[in-house]
Amino acid sequence: MGRRSLAPDEGLWLPDSNGIHMMFMRFPIDAIFVGKRDADGVCQVVSVHRGLRAWIGLVPLVLGAHGVLELPVGTIERTGTQVGDTLRLSAG
């Protein structure tokens with residue numbers, strides 16, 4: 001919130017989140033919800049949401065989610081990310 005956009009290679013990690021809203025967001029995003037991470041930062045994709053619209057986008061509850069990656073629109077399509085994929089999250 002408060003930013004004008006995300007750069008193509010940027011994202012925002014929201015740990016312990018199982019739902020998001022787009023209130024006060026100025027731009028649309030893609031969102032990837034993931035399950036619990038293991039000790040190596042590996043987790044499974046449990047839900048994907050493309051093109052959540054600024055101000056009105058809403059994902060109220062994703063069962064099994066323990067975090068969400070907010071990414072620039074088109075990232076899910078470009079990477080082919082889908083439910084069941086495995087991701088490794090690490091500090092940049």
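This short report walks through the fold of the protein and then visits three of its residues and a surface patch.

**The overall picture**

What you see is a predicted model. The protein has 1 helix and 7 strands, and their order along the sequence is β-β-β-β-β-β-α-β. Its radius of gyration is 12 Å, close to the 12 Å that the globule rule gives for 92 residues, so the protein is as compact as a globular protein of that length. If you drew a box around the C-alpha atoms along the principal axes, that box would be roughly 35 × 25 × 20 Å.

How is the chain connected with itself? Among contacts with a separation of 6 or more, 68% are between residues 24 or more positions apart. Of the 92 residues, 38% are buried. On the outside, the protein exposes about 5800 Å², and carbon and sulfur atoms supply 53% of that area.

**Three residues to look up**

The table gathers the place and the accessibility of three residues.

| Residue | Where it is found | Relative accessible area |
|---|---|---|
| Ser17 | loop between strand E1 (12-15) and strand E2 (20-21) | 16%, buried |
| Ser47 | strand E4 | 13%, buried |
| Ile56 | loop between strand E4 (42-52) and strand E5 (58-59) | 55%, exposed |

Let us start with Ser47. Why does Ser47 count as buried? Its relative accessible area is 13%, and buried means under 20%, so Ser47 falls in that class. Leaving aside residues up to four places away in sequence, Ser47 touches Ala31, Ile32, Phe33, Val62 and Val83. The side chain of Ser47 also makes a polar contact of 2.7 Å with the side chain of His49.

Ser17 sits in a loop, yet Ser17 counts as buried because its relative accessibility of 16% is under the 20% cut-off. Which residues does Ser17 touch, not counting those up to four places away in sequence? They are Phe33, Ala65, His66, Gly67 and Val68. You may recognise Phe33 here, since Ser47 touches Phe33 too.

**A nonpolar patch on the surface**

Now turn to Ile56, in the loop that follows strand E4 and leads to strand E5. With a relative accessible area of 55%, Ile56 is over the 50% that exposed requires, so Ile56 is exposed. Which residues join Ile56 in a nonpolar surface patch? Its partners are Met23, Phe24 and Trp55, and the patch has an area of about 430 Å².

Terms used
Residues are numbered from 1 along each chain as its sequence is written. This is a predicted model: local features need pLDDT of at least 70, side-chain atom pairs count only at pLDDT 80 or more; totals for chains, interfaces and linings use all residues. Side-chain values use heavy atoms; hydrogens and water are left out. Patches are made of residues with over 30% relative accessible area and no salt bridge: like charges are joined within 9 Å, nonpolar side chains (Val, Leu, Ile, Met, Phe, Trp, Tyr) within 5 Å. Accessible areas come from the Shrake-Rupley method with a 1.4 Å probe; for residues, only the protein chains shown count as cover. A salt bridge is a side-chain nitrogen of Lys or Arg within 4 Å of a carboxyl oxygen of Asp or Glu. Helices (H or I, at least four residues) and strands (E, at least two) are DSSP runs, numbered from the N terminus. Buried means under 20% relative accessible area, exposed over 50%, partly exposed in between (1.4 Å probe, protein chains only). A polar contact is a pair of N or O atoms within 3.5 Å; within protein, one must be able to donate a hydrogen and the other to accept it, and residues adjacent in sequence count only if both atoms are side-chain atoms. Contact means heavy atoms within 4.5 Å. The radius of gyration is taken over C-alpha atoms; the globule rule is 2.2 Å times the number of residues to the power 0.38.
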